Amino acid sequence: MELEYRKCTYADLEQLTQISKRTFIEAFEKDNDPVDFKNYIEKAFATETIQQELTNQATQFFFVYTENTLVGYFKLNVGNAQTDIKLEDSIELERIYVLSRFQGLRLGERMLSKIKELARRQHKTILWLGVWEHNERAIQFYQRQGFEKFGTHPYFIGTDEQTDWLMRFELSIL
């Protein structure tokens with residue numbers, strides 16, 4: 001199963017908003033208070049919010065396809081678009097999601113390899129991300145991929161303050 005990557009453009013706004021909501025709901029709805037979760041989804045994945053992110057020069061979204069079928073997406077931030085570390089040589093992987101029906105096919109590993117390649121091409125030496133402390137499956141995945149925990153930060157789902165682990169991967173420049 002070959003993966004194809006396409007950088008999102010303004011023309012992708014509606015589809016990007018839909019997959020962003022859908023994958024986040026699939027991943028986390030069951031673990032959160034329904035009211036807080038609904039409020040978070042309505043704000044974080046509103047068309048206007050995604051539009052602002054999509055038009056930010058320091059943010060890039062990529063769709064991931066296999067056989068012309070959209071299977072996931074990811075979001076990268078540099079510079080001031082990063083949520084924590086804002087170093088010139090760092091890049092944040094803010095989102096990486098695979099639709100639930102395509103999970104278990106090791107697509108995440110292949111997507112992460114592409115992300116590392118993109119980061120190196122941009123001359124970044126640090127790839128970092130935040131992952132919910134209770135998402136053990138994701139934490140184990142990132143650890144297998146060479147990421148190490150270096151801190152934490154708060155993450156709010158509505159009024160519910162949660163904790164994300166901050167994890168980093170040291171990139172070697174090719």
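Is Asn 68 buried or exposed? In this predicted model, select Asn 68 to begin the tour. The residue is exposed, and its relative accessible area is 69%, above the 50% cut-off for that class. Its position is the loop that joins β2 and β3. Display the backbone here: phi of Asn 68 is near 65°, a positive value in a residue other than glycine.

Next, select His 123. This residue lies in the loop between α4 (107–121) and β5 (126–132). Phi of His 123 is likewise positive, near 65°, and the residue is not glycine. His 123 is exposed, with a relative accessible area of 58%.

Now turn to helix α3, and select residues 47–55. Which residues of α3 are buried? They are Ile 50, Glu 53 and Leu 54. Viewed around the helix axis, these three cover an arc of only 100°, which means that they sit on the same side of α3.

With the buried side of α3 in view, add its surroundings. The buried residues of the helix pack against two helices, α1 (13–28) and α2 (34–44). They also pack against the strands β2 (59–66), β3 (69–77) and β4 (90–98). Two of these partners, β2 and β3, are the strands on either side of the loop that holds Asn 68.

Finally, rotate to the opposite face of α3. Which exposed residues does the face turned away from the buried side carry? Select Glu 48 and Gln 52, the exposed residues found there. Glu 53 of the same helix, by contrast, belongs to the buried set.

Methods: Residues are numbered from 1 along each chain as its sequence is written. This is a predicted model: local features need pLDDT of at least 70, side-chain atom pairs count only at pLDDT 80 or more; totals for chains, interfaces and linings use all residues. Side-chain values use heavy atoms; hydrogens and water are left out. Buried means under 20% relative accessible area, exposed over 50%, partly exposed in between (1.4 Å probe, protein chains only). Helices (H or I, at least four residues) and strands (E, at least two) are DSSP runs, numbered from the N terminus. The arc is that of the directions from the helix axis to the C-beta atoms. Contact means heavy atoms within 4.5 Å.
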